[in-house]
Amino acid sequence: MEELILQCKELGLGSRIVRSALEIKMKEVEEIGGESLEEFHHLNQKEEMGIDRWLRLAKGREYDGDEVMLELLLEIYKKLEHIQQQISPTPTSLLHLEQSSLTCYIGHEFLCLKEKMQEGKMYYARVDLPSFPNKLIPFYLKMLTPNIARIIKMGEMHTRSYDSYIVECERLEIRSKKEERL
């Protein structure tokens, strides 16, 4: 696996490289467009609107209440919204992405995949980011090598969430190294 880190650095990728095992669902695409782009915009618009947007704006103002309780209520609201979508007559379904792979390392603009993919190909992908609150992040990637992919398109809010996840992984890695030394 250290070989992947060296390849990333040779490709000019590697501001931060952290261990992470994320399951990536993906589908090969010829270009950025079509139904994958529609889903991409839908998921990004969902992130930018509604209760999440209100919460981000509320955090910028003075708030006298309990922020943890507000986050928990937000998650309950999202779960109810999800249940409502499941039972509504026209549920919005996501595209079927037939391929999947696990990451072994991630960085701000790239992923190192355990499974080999075809070099030079472009994929539409989604990842369910294990953060609080959970985020379903759509993005496009291009395979630079059979195991290293560059993220070529990701929404602004999702990029922030993804970058925050990388920072958290890095913190956990540093903490575990400190504990090993003790």
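In the predicted model, E35 is partly exposed, with a relative accessibility of 48%. This residue forms a salt bridge with K27, and the closest N and O atoms of the pair are 3.7 Å apart. The partner, K27, is likewise classed as partly exposed, at a relative accessible area of 22%. That value does not qualify K27 as buried, because the buried class is reserved for residues under 20% relative accessible area.

The contact between E35 and K27 belongs to a set of seven salt bridges in the structure. Another member of this set joins E39 to R126, with a separation of 2.6 Å between the closest N and O atoms. E39 is located in helix α2, which covers residues 34-48, whereas R126 is located in strand β5, which covers residues 122-129; the pair therefore ties together parts that lie 87 residues apart in sequence. Both E39 and R126 are buried.

A further salt bridge is found between E156 and R160, where the closest N and O atoms are 2.6 Å apart. Here both partners belong to helix α5 and are separated by four residues, which corresponds to about one turn of the helix. E156 is exposed, its relative accessible area being 54%, while R160 is partly exposed, with a value of 46%. The two residues fall on either side of a class limit, because a residue counts as exposed when its relative accessible area is over 50%.

Helix α5 spans residues 156-181 and also contains K177. K177 is partly exposed, at a relative accessible area of 46%. Together with R175, K178 and R181, K177 forms a positive surface patch. K177 meets the accessibility requirement for such a patch, because patch residues must have over 30% relative accessible area.

With regard to the overall architecture, the chain contains five helices and seven strands. Read from the N terminus, the order of these elements is α-β-β-α-α-α-β-β-β-β-β-α. Contacts across long stretches of sequence are also recorded: of the contacts between residues at least 6 apart in sequence, 69% connect residues at least 24 apart.

The chain consists of 182 residues, of which 37% count as buried. Its accessible surface amounts to about 11500 Å², and carbon and sulfur atoms account for 52% of this area.

Note on methods: Residues are numbered from 1 along each chain as its sequence is written. This is a predicted model: local features need pLDDT of at least 70, side-chain atom pairs count only at pLDDT 80 or more; totals for chains, interfaces and linings use all residues. Side-chain values use heavy atoms; hydrogens and water are left out. Helices (H or I, at least four residues) and strands (E, at least two) are DSSP runs, numbered from the N terminus. Buried means under 20% relative accessible area, exposed over 50%, partly exposed in between (1.4 Å probe, protein chains only). Contact means heavy atoms within 4.5 Å. Accessible areas come from the Shrake-Rupley method with a 1.4 Å probe; for residues, only the protein chains shown count as cover. Patches are made of residues with over 30% relative accessible area and no salt bridge: like charges are joined within 9 Å, nonpolar side chains (Val, Leu, Ile, Met, Phe, Trp, Tyr) within 5 Å. A salt bridge is a side-chain nitrogen of Lys or Arg within 4 Å of a carboxyl oxygen of Asp or Glu. Lys and Arg count as positive and Asp and Glu as negative; His and the chain ends are not counted. The place of a charge is taken as NZ of Lys, CZ of Arg, CG of Asp or CD of Glu.
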